[in-house]
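Ready for some practice? Have a look at the model first, then try each exercise before you read its solution.

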Amino acid sequence: MEKMKAAVIGTGSISPNHLRNYVNSPYTELYALCDLNRERALARAAEFGVPEERVFTDKDEMFRTLPELELVSVCTWNSAHAECSIAALNAGCNVLCEKPMAINAAQALEMQAAAEKNGKLLMIGFVRRHEENMKVLQDCVRAGFFGDIYYAKATYLRRNGHPGGWFGDKSRSGGGPLIDLGVHVIDFVRYLKGNPKTVSVYGATYQKLFDRANIKSAKGYIAARDNSQDKPPVDVEDLVTALIRFDDGSTLSVEASFSLNGETKGGIELFGTKAGANLADDGLHLYSEMNDRLVNIDHADVKGQDFDQMFRDEVYHFIDCVQNGTECIAPAEDGVELMRILDAVYESARTGHEVVL
Ligand SMILES: NC(=O)c1ccc[n+]([C@@H]2O[C@H](COP(=O)([O-])OP(=O)(O)OC[C@H]3O[C@@H](n4cnc5c(N)ncnc54)[C@H](O)[C@@H]3O)[C@@H](O)[C@H]2O)c1
């Protein structure tokens, strides 16, 4: 069987996680690359074996030149997700778009409509849906281990982890830690709970510490980026806190930061009628009752996050969905719902009022 031809638009820091899997899959050929920055795209082409004549700086030219393309990963900055995904879908390609789906729900809806109009798959790169811990927790949920999960906490706090470059430029990122980090953990909880509908959102954002360029140590996030020379004014929040209420009566409390005078930490906490969980940096801890006593259970066979495995499973799932019609576990509609939540948090932060959806 002929291999499906894949292209990646945006060849920056996250792109190797897509590129290597199109190279490694027996069902795909990494066929073309596109980036506004030709040098960056050429370097990736050399690294992953794409011929120079199939390296582009203009996505529309790529689609005109290569009608044989079938799969496209969109790995650009957030504001270009919509235009690149819609162009790919209109060119008859299936799209795997990095998170967040777009910079607002209106764009996300346009993307979903383009996928439906063209009868193509638009999958969202909610990579934590492919995490082993997710599977373990889903088994617990299915077995009724937690009972009713009525409250959850999703935390993604960085003390000094402002990514810099376009991540701090609202016109290209759409926002700060909420849209960049919060999206991962909000989606984790929603997906685990079977994608409940959102009823209302109350949120607050703060911009107090900015990118902490004054801090002499631990500038890793900024220095590591290819775009470290690109220094627009930082105009996104550096802390967000929000309370999200779902239609099953449960609530989710979210905290995410790029900069904070506090500990760097991340995790998912679940509180159910029969048991609870804390998925922390050191693994999965479960809390329950046994023989009228409180017990703590540490999951012995759960490891931390394995990014190679998560991205491999994500890209291979995308390929499987297109090739075999397998049902997609991260469809566009879930991306749209997430963008509605993020829009509502920003709206609530702006007005100081709860937003009812
Ligand atoms: N799933 C994850 O865990 C994860 C982790 C990091 C980043 N991401 C997401 O991946 C995306 C890219 O992030 P990154 O860290 O690789 O950024 P990056 O700045 O390293 O790379 C982005 C690239 O996109 C290119 N680009 C922008 N607009 C373009 C357009 N219209 N056409 C062609 N190229 C274009 C830029 O030139 C740049 O090279 C973001 O949406 C980010 O949120 C996801």
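**Exercise 1.** What volume does the second largest pocket have? Work out what lines it, too.

*Solution.* Keep in mind that this is a predicted model. Start with the volume: the second largest pocket comes to about 200 Å³. Next, look at its walls, where you'll find Gln112, Lys120, Cys328 and Glu333, among others. Sort the lining by class and you get six nonpolar, one polar and three charged residues. Finally, ask where the lining comes from: helix H5 (105-118) and helix H11 (332-351) each give at least two residues, and H5 has the largest share, with three.

**Exercise 2.** Is Ser79 buried or exposed? Then find its neighbours.

*Solution.* First, place Ser79: it sits in the loop between strand S4 (71-74) and helix H4 (81-90). Its relative accessibility is 18%, and the cut-off for buried is under 20%, so Ser79 counts as buried. Now for the neighbours: leaving out residues up to four places away in sequence, Ser79 touches Ile103, Gln107, Ser171 and Arg172. Ser173 is 94 residues from Ser79 in sequence, yet their C-alpha atoms are 6.0 Å apart.

**Exercise 3.** How much area do domain 1 and domain 2 bury between them?

*Solution.* Begin with the bounds: domain 1 covers 4-125 + 310-330, and domain 2 covers 129-305. Then check the contacts, where 18 residues of domain 1 meet 18 residues of domain 2. Together the two domains bury about 1500 Å², 58% of it on carbon and sulfur atoms. On the domain 1 side, Trp77, Met310 and Ile329 supply 36% of the area buried against domain 2, more than any other three residues.

Methods. Residues are numbered from 1 along each chain as its sequence is written. This is a predicted model: local features need pLDDT of at least 70, side-chain atom pairs count only at pLDDT 80 or more; totals for chains, interfaces and linings use all residues. Side-chain values use heavy atoms; hydrogens and water are left out. On a 1 Å grid over the protein atoms alone, a cavity is a set of points where a 1.4 Å probe fits but cannot get out, and a pocket is an open set with protein on both sides within 12 Å along at least five of seven lines; lining residues have an atom within 4 Å of a point. Grid points are joined across faces, edges and corners, and a volume is the space filled by probe spheres set on the points. Helices (H or I, at least four residues) and strands (E, at least two) are DSSP runs, numbered from the N terminus. Ala, Val, Leu, Ile, Met, Phe, Trp, Tyr, Cys and Pro count as nonpolar, Asp, Glu, Lys and Arg as charged, and the others, Gly among them, as polar. Buried means under 20% relative accessible area, exposed over 50%, partly exposed in between (1.4 Å probe, protein chains only). Contact means heavy atoms within 4.5 Å. Domain bounds come from an automatic or database domain assignment. Buried area is the accessible area (1.4 Å probe) that two parts lose on being put together, summed over both.
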